[in-house]
Amino acid sequence: MASHDTISEKRFSSYNQGSYANMHHNADDFAREEHKGLEGYFPEHSSNSRTSLITSVKMIWLQYRAWTLPVVLSLFLVLWSWPVTSSTVADDATLASPSESFVLAAAEPPRNSTGLTDAVQWDNYTLFINDQRVFIYSGEFHTFRLPVPDLWLDIFQKMVAAGLNAASIYIHWGLTNPAPGVIDFDDWRALQPIFDAAKLAGIFIVLRPGPYINAETTAGGIAHWATSLVASELRTNATDFKEAWTPYVEGIAAAVKPNQVSSGGPIIAVQIDNEYSQTPIQRAEYFAQLERSFLDNGVVVPLTYNDPNEGRNFINGTGAVDIYGLDSYPQGFDCSHPRDWRPVVLNYHQYHEQVNPSQPWYIPEFQGGSFDPWGGPGYDACELLTGPDFQDVFYKQNWASNAKLISYYMLYGGTSWGGIPFPGVYTSYDYGSAIRESRALSPKFDELKRQALFIRSSPEFRKTDWIGDTSTGIPGVTLNGSAAFVTLLKNPDTGSGFFIVRQNNSTSTALTNFSLTVPTSVGTLTIPQTFNSVALNGRQSKVILTDYTFGSKSHVLYSTASVFFAGTIGGRDVLFLFGDSDQSHEFSFTPSGKPTIRPTESNVKLSKDGSSTLVSVLPGSTGLVTVWESDAQLVLFSDPVTAATFWAPVIPSTDNSTPLKNFWQFGSNTTVLVGGPYLVRNATITRSGELALRGDLNDSAILTVIAPPSVKSVSWNGVRVPTDFTGNSGSRAIRTGHLSLSSDIESITPPTLTDWKFADSLPEIKPGFSDADWIVANHTTTNITTKPIFGDGRILYGCDYGFCENIVLWRGHFNATGSETSANLAINGGSAFAASVWINDQFISSTSGGSETNAIYTFPEGSIHEGADNVITVIQDNMGNDEDSNEKSQRGITGFKLNTGNFSVWSVQGKVGGYLEYPDKARGILNEGGLFGEREGWHLPGFDTSTWTSRSLSDGLPSGGAGVGFFVTTFDLSIPKGKDVFASFQFDSINQPYRAILFVNGWHFGKRVANMGPQTKFPVPQGILDYNGKNTVAIVLWALENTAVSPSLDLIFDNVLDGGVGSIAVNNPPWKSRLTI
């Protein structure tokens, strides 16, 4: 923090004292952390290396110049007078080897905090939570895109099962503050259930409440009413904008206050706004206002910021935050060519060292997928673009930049239902994420788990110095293989080395090989030793370890195989390595205890190597291999696919007084390894010694369990599972059993959607329809940025009349003289919008395409009633407001002209009640639009359609032409308890000129644009669907042309799992009579 006007006096004082300490700690301080400056920089002790010592001091300065100038000067004097005779080195027992020479006692760098709590602190490496250093490995999840609170635990459990320890969560201002002064944290907008579910799952939260969030949401999350009522520029220090957001931010802060980690809750940080610029000063002061509001209302955890690329915003000066971060989407957002890669970003470490070296390197958003636009290739292509190979190369490149706070956007994308999306995206927000929109686990989830469990298992990786890479050179390290690129990170306290290797051309799909010559605790080694080289099969990255500690006291000298899990289980140190089955792998570890099992596989070789055992794994090794088992150690190896079938659930602390008892590292360090199930959600060990596992099955599976000796039995979802050791060649560490899929799974099938009822939903074009109760659109001024392009001065923007989202209807009246031939209308609905125009009861045409169209609508012959009132009716689909600088989007009719003559009255109608008095408070502000059927509540459960016409949806509209109709049917579901069904509604995939809105039990859960695509399948979760009751489906069919259309719709079950998160409440308020307007 740099400006006292942006933060509390206490917070400012504390921060700057910490910064002062960073800049001015003296030679005595350095004596406690001299290893930080030395470790890894001296490749060897030469007897005449005074010059190399000076060079090393320069390297220390480049690495730590933000806070070590006085130290370096003091060190220079010490080193200049340091004896350099060979006898000095030879006689010093602590310098017995090149690596051990510099593993000296190292003190922690000075810590910073907000000054309001010490529960969260940070230094230049990582965060500290409750005084423990932690690598934050996180994923993005928007609860508003899954409006079923009981399913939030499902997502959190899956994130924790993948090894993540934090979730990044946007809160949408517009959804929770639907009207001025109205703060609505009820139902699925509630915050406390988020925090409770996170705490139960054992995952921290970085809360990101905006007010602006972007997130491909309408107006970027800014409340729609504010885009119309606020006269000043949004996202500035303007008084009227501050008055608009203050109740919302104060409401957020009130909910955050008791749920911060300082109070035993899961919240560790709060982000200020989103991806902005610190200039001009009005923007910086806006950030300062937000910070002051959060602080004054009890937020004590760090305030953070996410910069769009390397913008250097809000690090210092007015509005500066506690911890700065950078967002990165290296592949962009075009999924049309998913195998075409852009290269990795090379300068992130250098950028961090330049701009905020006293803070940990934070990436609040790194690409976890991509959004897909209207007409795009679909989200399967986005999953491929950012698939496991992308994760392998790009995520590990982030590690190589020494980032220690990383969050992947998105981890679960969910659904942009109702009016949530901005115009650039369609209903699905699947994002090609590790957890798909249906909540299914993708292959990306497996790769994420392989990486995250390594991080969780490796305390030495939490604190590493960036030593160098191929471009700068790495002292004492030789890379043999010009096609490879290596970065070395090294723990300054233990000397553990992490060599992160990828292709030099990160987009290459070629097979390349390399070897490394590296310093270790036993001297310089060339790795591998028993075969020629390590392979990189195209887009692949590897972490080569040296002097790695696992469990309580075990040691790996080096490994070319990857670590899946390392830790202690029941007093036994366990190491689980993996590597591709078509490659060779090698590792050397120090065995402990008397072996009871050694590998019998011919392609796994063990040999003595001094005090270590050298293990070579030749190509062809598949499945789980026990390399070493004793009472003290268990060393396993498998291929990557087998490794991904294993889980390491946290065994919660039994101390209920521990607030974070479910959190790995903070409440418990006890775990087990479980292989076989589709998902392991949680595990407990009872006093009687039962390992109680809960999770999901998608098929019958062999259950493999590695647990403490105290475990006497195993249960799965409450049912005892017989297990024994007989299937593991005498193992006393690995027990197996069998999990069977329930026999009733096959009987769970979706019903066919039949017995449709139909009613016309466009009475507005019929003779005699009165819009007397509609709002007269007679404003002549607007706060919306872009003004009308032509007309008579009247403003026809929906939001100016309270109708900011979804379908809006306009009616323009004129008294005809008989000379009127056409109307010129400019209509704006945002990208991919559509509008249809009628004169009286005759259809003229529809328009669609870009954000705005400007066209002449010629009146058909005989359509005008001379000497009488005539009406032009316009149905306009509002696709949402734009993001960034155009949140004040001009949705509506931006120009109107009658040829010839003048319009006397314009009337407008959107959803019932506008944003002030809309009746459906449960589903919320963005659920409905202004169609007659919506206004009547035809889409809601319980509406009586008994008098409607029976008509199949595939028959389309009775007229065979343009128009709007409602089709409604019901069906029953009876899903047995303990099943998780991934259900979707599948439309036809034929290109036809229609739009359709899918309502499920009253929820607007899909917009199908059949002449554009790409979405035809719409997942709908349990909780919206009633799995044990009657369900109502309503389809709004909007035919755009005088051409017959024939939609189809099926309910499908994408998958049926044994298990699930538990009971899911349904909140589908039924129909009540509404006043039609």
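**Pockets, helix pairs and odd backbone angles**

Mentor: In this predicted model, 34 residues line the largest pocket, and those nearest its centre are Lys 977, Gly 978, Lys 979, Gly 1059 and Gly 1060.

Trainee: What makes a residue part of the lining of the largest pocket?

Mentor: A lining residue has an atom within 4 Å of a point of the pocket. For the largest pocket, 34 residues pass that test. Its volume is about 710 Å³.

Trainee: Which strands each supply at least two residues of that lining, and which gives the largest share?

Mentor: Strands S31 (679–685), S32 (690–696), S35 (719–721), S36 (734–739) and S50 (979–987) each supply at least two. The largest share, 3 residues, comes from S35.

Trainee: How are the residues of the lining of the largest pocket divided by class, and what class does Gly fall in?

Mentor: The lining has 12 nonpolar, 14 polar and 8 charged residues. Gly counts as polar and Lys as charged, so Gly 978, Gly 1059 and Gly 1060 are polar by this scheme, while Lys 977 and Lys 979 are charged.

Trainee: What lines the second largest pocket?

Mentor: Its lining has 28 residues, with Asp 392, Glu 447, Gln 540, Asp 580 and Pro 640 nearest the centre. Helix H15 (388–400), H16, strand S20 (542–550), S22 and helix H17 (640–643) give two or more residues each. The class count is 10 nonpolar, 8 polar and 10 charged. About 530 Å³ of space lies in this pocket.

Trainee: What makes a space a cavity and not a pocket?

Mentor: In a cavity a 1.4 Å probe fits but cannot get out, whereas a pocket is open. Over the whole structure, 13 cavities of 30 Å³ or more are found. The largest cavity holds about 210 Å³.

Trainee: Which residues lie nearest the centre of the largest cavity?

Mentor: Gly 163, Leu 164, Asn 165, Arg 456 and Trp 664 do, out of 19 lining residues. Helix H16 (residues 443–457) gives the largest share of the lining, 3 residues. By class there are 12 nonpolar, 5 polar and 2 charged residues.

Trainee: Why is Thr 560 called buried?

Mentor: The cut-off for buried is under 20% relative accessible area. Thr 560 has 2% relative accessibility, so it counts as buried. Its place is the loop between strand S21 (554–559) and strand S22 (562–569). Beyond neighbours within four places in sequence, Thr 560 contacts Ile 527, Val 534, Lys 542, Ile 544, His 585 and Glu 586.

Trainee: What is notable about phi in Ala 215 and in Asn 1001?

Mentor: Most residues other than glycine have a negative phi. Ala 215 has phi near 60 degrees, a positive value, and Asn 1001 has phi near 50 degrees, also positive. Ala 215 sits in the loop between strand S7 (204–208) and helix H10 (224–229). Asn 1001 sits in the loop between strand S51 (994–1000) and strand S52 (1003–1009).

Trainee: Is Ala 215 buried or exposed, and is Asn 1001 buried or exposed?

Mentor: Ala 215 has 3% relative accessibility, under the 20% cut-off, and therefore counts as buried. Asn 1001 has a relative accessible area of 2% and is therefore buried by that cut-off as well.

Trainee: Which peptide bond is cis at Pro 280, and which is cis at Thr 900?

Mentor: The bond joining Thr 279 and Pro 280 is cis, with omega about 0 degrees. The bond from Asn 899 to Thr 900 is cis, with omega near -5 degrees. Pro 280 lies in the loop between strand S8 (267–271) and H12, and Thr 900 in the loop between strand S46 (892–899) and strand S47 (905–909).

Trainee: At what angle do helices H11 and H12 cross, and what is the handedness of the crossing?

Mentor: H11 (residues 239–256) and H12 (residues 281–296) cross at roughly 35 degrees, their axes coming within 9 Å. The crossing is right-handed. In H11, Phe 241, Lys 242, Trp 245, Val 249, Glu 250, Ile 252 and Ala 253 meet Tyr 286, Gln 289, Leu 290, Ser 293 and Phe 294 of H12. These residues divide into 8 nonpolar, 2 polar and 2 charged.

Definitions and conventions: Residues numbered from 1 in each chain as written. Predicted model: local features only at pLDDT ≥ 70, side-chain atom pairs only at ≥ 80, totals over all residues. Heavy atoms only, no water. Helix = DSSP H or I, 4+ residues; strand = E, 2+ residues; numbered from the N terminus. Buried < 20%, exposed > 50% of the residue type's maximum accessible area, 1.4 Å probe, protein only. Contact = heavy atoms within 4.5 Å. Axes fitted to C-alpha atoms, helices over the stretch in contact; angles between N-to-C directions. Left-handed = near helix turned anticlockwise from the far one by under 90°. 1 Å grid on protein atoms, 1.4 Å probe; cavity = no way out; pocket = protein on both sides within 12 Å on 5 of 7 lines; lining within 4 Å. Points joined across faces, edges and corners; volume = space filled by probe spheres on them.
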